[in-house]
Amino acid sequence: MDRLRIKGGQQLKGEIRISGSKNASLPLMVAALLTDRKLTLHNVPRLADITTMIQLLKQHGVEVGAAPGENGHDRGTTLTLQAAKITSTTAPYDIVRKMRASVLVLGPLLAREGQARVSLPGGCAIGARPVDLHIAGLKAMGAEIDIDGGYLVAKAPKGLKGARFTFPKVSVGATENLMMAAALAKGTTVLDNAAREPEITDLAECLVSMGVSVRGIGTETLTIDGVKSLKEASHRVIPDRIETGTYAMAVAMTAGDVELLGGRLDLIESVVQTLRGAGVTLEKTEKGVRVHRTNGALRGVDVMTEPFPGFPTDLQAQMMALMTRAEGASMITETVFESRFMHVPELARMGANVTIHHESALVRGVPKLRGAEVMATDLRASVSLAIAALAAEGETTINRLYHLDRGYERLEEKLAACGADVERLKG
Ligand code: UD1
C-alpha cells in the first residue's frame, strides 16, 4: 500500500491546475445508461473512483473510450460512453462496496429496462449513509423495491411514472438518481427540497443537452418532463470545487501564494467567506483563483457544514486542519454526516488540540504541529492530514493512501510543483 511522506515547513508558491469534478463526473457517466446514443464527457479527472465507475458501467454493457483531454493529460480525460444495449441490470457487491456512488445506476437502469438489482452499499467510514431516500423516491414513481440477499431488487414492469416527491432530507445522490429516472419516466416529475449542489446543476445541464426538459435548475424544486429517448450529447465537467477549496486551505496553511488554474470562486462562496474571515485572501483572476496569506496570522473562525450553498461537509476536515494552527479557537459543527470526525485523533497525534462534543469539535489553535505517522481513514480526512503535515515540524507519513487516490488527482505532483517537500512511497 502506498504511503505519502511530507516534510513540513515549505511555503506553497506557483500554480496548481484544478481538475474536473469527481462528484460531477460520476453521475454524468451514469447518465450514459439512459440512452443507446453516445455521451461524450470532457474534463473528467483521472481518479480511482472514475476507474471503478468505468468498470461498473462496462459490466452493464456500456462501451467506454478514454482519450487525453484537448490539451493533453493536463486537462483531464475525454470519455465517450455508449450503452447501445444493456447487457446486465445487476450492480454487483464487489464494485458497489468500493464506491457508494454505484447506487446511482438504480434509477437509470430501472427507467430504461424496467428492472435493476443493485447491491446495498454496506458499511461506510462516515456514518450510516442509508439509501432510503433513493428507494422512497423511486417507489413514488411506481417502482416496486425489495431487499433480497443484500441486494435492492427493483421492478417497474410498466415503466416509471412521473410523480411529485418531496425529499424529507436533502440528498445529493438521491436527487441525482431521481432526476435520471425522471428523464425516462412517463409524464412530469417534480422534486421538492432537491439538492442544489453545483454537481446537480451540471447533471441537469447535461440532461438538457441530451434532450430532457429540466426546469428550476439551481433551485430546490426541479421539474423534469420525461422523454421516450434521449439524444447524443457532449458535455464539459465543471472544475472540482472541493479540490479548489482543499488547495486554498493548503496554501493558507503554509502562508503561501498560489494561482488555482481553472478554479471558480462562484462554486465555493461560503468557503471564500469563511477563509476571508480567517485572514486568507482569495481573488478571481483571468485564469482562475489566486490564494495567498502573506501577512498576519490565521484567525479562528466557526464553521457549520450544510447542504449547498452552505459550507460543504467535504471540506470540513481540511478546514479543521487549517484551524489547528489559528490564533484563537474555532467551533466546527458537522450537520450533514454523523461520525465524520475520524481525522481528529490523527490530527491530535500531530499535536492538534481538538475536543469533540456531539456534532461539534472545538479546535484550539496551537503554535506548532509536529510530524508523525498517521492513518488516512477516508478521502477528505486523508487530505486534511496532508494539509497539517505541510505546516508541521519534521516528517509526516500518511498510511492507507488509497483513500486519497479515490479523489485527488496527482496530489503529490501538484504540491511538489509549488515547492512542497513531498514524496509517494510505493508498496
Ligand atoms: C454526496 C457526495 C459526497 C458528499 C455528500 C454531501 C458524491 C459521489 N458524493 O454523497 O462527497 O459528502 O454528497 O454533500 O457526489 N441520506 C439518507 N438517506 C438516503 C441518502 C442520504 O439518510 O437515502 C443522508 C446521508 O446519510 C447523509 C445525508 O443524507 O447524512 C446527505 O447525504 P447525500 O447528500 O445523499 O450524500 P451522497 O450523495 O452519498
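What follows is a walk through the overall build, the cores and two strand arrangements of this protein.

The model is a predicted one. Starting with the big picture, the protein has 14 helices and 24 strands. Its radius of gyration is 21 Å, close to the 22 Å that the globule rule gives for 427 residues, so the protein is as compact as a globular protein of that length. Along the principal axes, the C-alpha atoms fit in a box of roughly 65 × 45 × 40 Å.

Next comes the matter of what is tucked away and what is on show. Of the 427 residues, 57% are buried. The accessible surface adds up to about 16,600 Å², and carbon and sulfur atoms make up 48% of that surface. As for contacts with a separation of 6 or more, 74% of them link residues 24 or more positions apart.

In soluble globular proteins, nonpolar side chains tend to be buried together. Here, the largest nonpolar core holds 77 residues. The members that touch the most other members are Met-29, Val-105, Leu-138, Leu-160, Met-179 and Leu-191. The biggest giver to this core is helix α6, spanning residues 172–183, which puts in 7 residues. Met-29 is worth a look of its own. Leaving aside residues up to four places away in sequence, Met-29 touches Leu-41, Ile-50, Met-53, Ile-54, Leu-57, Leu-79 and Leu-81. There is also a second, separate core, this one with 69 residues, including Val-280, Leu-315, Ala-388 and Val-422.

Turning to the strands, an open sheet is built from 4 of them, lined up as β22-β23-β1-β24 with mixed pairing. At the edges sit β22 (373–375) and β24 (421–425), each of which pairs on one side only. From one strand to the next, the twist averages 20°. Within this sheet, β1 (residues 3–7) and β24 run antiparallel and are joined by 5 bridges. One particular bridge pairs Arg-5 with Glu-423 of β24. Val-422, listed above in the second core, falls within the 421–425 stretch of β24.

Another strand pair makes a hairpin: β16 and β17, with 3 residues between them. Strand β16 covers residues 281–284 and strand β17 covers residues 288–292; the two run antiparallel, joined by 4 bridges. In this hairpin, Lys-284 has Val-289 of β17 as its bridge partner.

Notes:
Residues numbered from 1 in each chain as written. Predicted model: local features only at pLDDT ≥ 70, side-chain atom pairs only at ≥ 80, totals over all residues. Heavy atoms only, no water. Pairing = 2+ DSSP bridges. Axes fitted to C-alpha atoms, helices over the stretch in contact; angles between N-to-C directions. Rg over C-alpha atoms; globule rule 2.2 N^0.38 Å. Buried < 20%, exposed > 50% of the residue type's maximum accessible area, 1.4 Å probe, protein only. Contact = heavy atoms within 4.5 Å. Areas by Shrake-Rupley, 256 points an atom, 1.4 Å probe, with all protein chains shown as cover. Core = buried A, V, L, I, M, F, W, Y, C linked by side-chain atoms within 4.5 Å.
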